[in-house]
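Biologist: I'd like to learn how to read a protein model, one feature at a time. Could you walk me through this one?

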Amino acid sequence: MDMRPEESPQASAAQSQAHDWLLRLFSGRATTEDAEAFRRWRADPVNARAFGEARRLWTALGPAAELAAAPAAPAILAHLPVHTPVQPKTAQAARRPRAINRGRRAFIGGAVAASAGWLIARPPLGLWPGWEEAAADYRTAVGEQRDLEIAGVQVALGARTALNREERAGSAWMELVQGEAQITTSRAAPSPLRVRVGDGVVTLAAGSRVNLRCVAEDQRVTCLSGQARVEQGGRVVVLQPAWQARLAGRRIASVAPVDAARIDAWRHGFLVFDNEPLAQVVEEINRYRPGRILITRAELGRRKVQARIPIRQADTFLALVKDVYGARVVQMPGGVTLLG
């Protein structure tokens, strides 16, 4: 027996529309008009919540999508229902009776099929922005930083960052879709600010400053001043200044003290690396310079790096790798640089 509470017609419609939007945005056929229409649709808090839930399901299907994109994909996809992205349904059409479980199975099958196509068509050089980032309320380009005031909250966006804002029952919410941001709340803030990072929720007390990072699987919350409450996977931790929580999957993987000055360095124009693998350093450098650096030797990617690099002179990193590790630097068309 299904004991779940009955969904309101509006929530049910929003869920259906969210699924259609997700498939359209990742179909490879979306247009700039689609992105603007999506932005307007997502301005409704009910729609924003529905899209967040659909996107989290999409993320959870990642392993299945990778399997579908493997060489055996044609045989696997032949058994999946085909879902053709369509324009979002109207609320009236969404009120028609439908089999929720059957629809959910169709979405999962369609999501795997669509995400497999997206993985195949996805630019191999990690071009920015993707459709989800392009439709965000606020975003920055490669190498760009922005300082904003959003609903009385000070927000600093790092390079290649996308942020959404929404209102829920009178309280302020934000979502870090991708990238890195610092958020500072006023001491006179009337209510706490909540920010979603991946599957986690960060609550900032009044007069607090946190650094939030969500770059691929690297999800971190660092308290720089004040206090930050982090919730994920049923676990709750309260961070004090210079403490950081790492998020992994649906859990808080670790909580530990960190060098706050290193975390804060990007706000002062530097990237600081402390004994980190060169492969990770390259991924971070790629967020701050045009083009793309690719490592061609796995052994080189594992070498550890200790460096302080001015963001405005990110290309000095290439000379550093060449001099210190004897790496070969090859400039290719399209802004691609090979390190080997």
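**Hairpin, salt bridges and a sheet**

Modeller: Let's start with a hairpin: strand 10 and strand 11 form one, with two residues between them. In that turn, Gly233 has a positive phi of about 60 degrees. Keep in mind that this is a predicted model.

Biologist: How many bridges join strand 10 to strand 11, and do they run parallel or antiparallel?

Modeller: The general idea comes before the case. Strands of a sheet pair through backbone hydrogen bonds, either parallel or antiparallel. Here, strand 10 (residues 228-232) and strand 11 (residues 235-239) run antiparallel, joined by five bridges. To see the pairing by eye, look for Gln232, which stands opposite Arg235 in strand 11.

Biologist: Okay, on to charges. How many salt bridges does the count come to?

Modeller: The rule looks for a side-chain nitrogen of Lys or Arg within 4 Å of a carboxyl oxygen of Asp or Glu. By that rule, the count comes to 16 salt bridges. Take Arg213 and Asp218: their side chains meet in a salt bridge at 2.7 Å, N to O. Arg213 and Asp218 are both buried.

Biologist: Where is Asp218, and what is it in contact with beyond its neighbours within four places in sequence?

Modeller: Asp218 sits in strand 9 (residues 218-225). Leaving those neighbours aside, Asp218 is in contact with Arg213 and Arg246. The side chains of Asp218 and Arg213 are also joined by a polar contact of 2.7 Å.

Biologist: Which other side chain meets Arg213 in a salt bridge?

Modeller: That would be Glu284, with 2.5 Å from N to O. This pair links distant parts of the chain: Glu284 is in helix 10 (residues 278-285) and Arg213 is in strand 8 (residues 209-215), 71 residues apart.

Biologist: Why do Glu284 and Arg213 count as buried?

Modeller: Buried means under 20% relative accessible area. Glu284 counts as buried because its relative accessibility is 8%, and Arg213 counts as buried because its value is 9%. Glu284 also meets Arg287 in a salt bridge of 3.0 Å, N to O, and Glu284 and Arg287 are both buried. Through shared partners, salt bridges join Glu180, Arg213, Asp218, Arg220, Arg246, Glu284 and Arg287 into one network.

Biologist: Let's try a sheet. What is the order of the strands in the open sheet of three?

Modeller: The order is 15-18-17, with mixed pairing. Strand 15 (292-295) and strand 17 (329-331) are the edge strands, and each pairs on one side only. From one strand to the next, the twist averages 20 degrees. Strand 15 and strand 18 (residues 336-339) run parallel, with four bridges between them. Arg292, for instance, stands opposite Val336 in strand 18.

Biologist: Which helix packs on the sheet by touching strand 15 and strand 18?

Modeller: Helix 10 does, and its direction makes about 170 degrees with that of strand 15. Then there is helix 12 (residues 316-325), which lies across strand 15, strand 17 and strand 18, running at about 20 degrees to strand 18.

Biologist: One last feature. How many residues of helix 1 are buried?

Modeller: Let's look at the length of helix 1 before its burial. Helix 1 (residues 9-25) has 17 residues and spans 24 Å from its first C-alpha to its last, close to the 24 Å expected at 1.5 Å a residue. Of those 17 residues, 14 are buried, so helix 1 is largely enclosed by the rest of the structure.

Notes:
Residues are numbered from 1 along each chain as its sequence is written. This is a predicted model: local features need pLDDT of at least 70, side-chain atom pairs count only at pLDDT 80 or more; totals for chains, interfaces and linings use all residues. Side-chain values use heavy atoms; hydrogens and water are left out. Buried means under 20% relative accessible area, exposed over 50%, partly exposed in between (1.4 Å probe, protein chains only). The expected span of a helix is 1.5 Å times one less than its number of residues. A polar contact is a pair of N or O atoms within 3.5 Å; within protein, one must be able to donate a hydrogen and the other to accept it, and residues adjacent in sequence count only if both atoms are side-chain atoms. Contact means heavy atoms within 4.5 Å. Two strands pair if DSSP finds at least two bridges between them. Axes are lines fitted to C-alpha atoms, for helices over the stretch in contact, and angles run from 0 to 180 degrees between N-to-C directions.
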